[in-house]
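Biologist: I am new to this structure. Please take me through the terms used for it, with the reasons behind each.

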Amino acid sequence: MKNKNLIIRYFGLLLLVVGIILSVKMYVDKAYPTYLFFVISAIGIIQIIASFLSKQMKVSWQIFWALLPLVAGFLYLKF
């Protein structure tokens with residue numbers, strides 16, 4: 001059976017790329033070192049691994065797990 005968890009895989013890849021780009025930009029600009037960008041990259045890696053390990057996830061669960069880090073990050077930065 002073919003693995004079809006593409007939503008969470010592509011969203012994890014997006015988070016990984018964004019985290020890497022922001023980390024490089026932080027070092028180039030000699031900005032204050034924050035580990036938020038490394039956490040974003042780690043969440044992306046976890047989502048990619050989860051998409052390969054799980055057999056078949058419903059689309060609603062994929063969307064939930066893909067958007068959960070964004071909502072949690074927004075709430076963390078907001079409050």
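Modeller: Let us begin with the aromatic side chains: Trp 61, Phe 64 and Trp 65 form one aromatic cluster. This is a predicted model, so local features need pLDDT of at least 70 and side-chain atom pairs count only at pLDDT 80 or more, while totals for chains, interfaces and linings use all residues. Residues are numbered from 1 along each chain as its sequence is written, and side-chain values use heavy atoms, with hydrogens and water left out.

Biologist: Why is the pair of Trp 61 and Trp 65 called stacked?

Modeller: Rings of Phe, Tyr and Trp (its six-membered ring) pair if their centres lie within 6.5 Å; planes under 30 degrees apart count as stacked, over 60 as edge-to-face and the rest as tilted. Trp 61 and Trp 65 are 6.5 Å apart centre to centre, with 25° between the planes, so the pair counts as stacked. Both residues lie in helix α3 (residues 59-78), 4 residues apart, about one turn of the helix; helices (H or I, at least four residues) and strands (E, at least two) are DSSP runs, numbered from the N terminus.

Biologist: What makes the pair of Phe 64 and Trp 65 edge-to-face?

Modeller: Phe 64 and Trp 65 have 5.0 Å between their centres and 70° between their planes, so they fall in the edge-to-face class.

Biologist: How do you know whether Trp 61 is buried or exposed?

Modeller: Buried means under 20% relative accessible area, exposed over 50%, partly exposed in between (1.4 Å probe, protein chains only). Trp 61 has 45% relative accessibility, so it counts as partly exposed. Trp 65, at 39%, is partly exposed, and Phe 64, at 40%, is too.

Biologist: Why is the charged end of Arg 9 said to sit over the ring of Phe 52?

Modeller: A charge sits over a ring if NZ of Lys or CZ of Arg is within 6 Å of the ring centre and within 35 degrees of the ring normal. The charged end of Arg 9 is 4.1 Å from the centre of the Phe 52 ring, so the distance condition is met.

Biologist: What makes a group of residues the largest nonpolar core here?

Modeller: A nonpolar core is a set of buried Ala, Val, Leu, Ile, Met, Phe, Trp, Tyr and Cys residues joined through side-chain atoms within 4.5 Å. The largest has 6 residues: Phe 11, Leu 15, Met 26, Phe 37, Ile 40 and Ala 66. Helices α1 (6-28) and α2 (36-53) each supply at least two residues of this core, and α1 gives the largest share, 3 residues.
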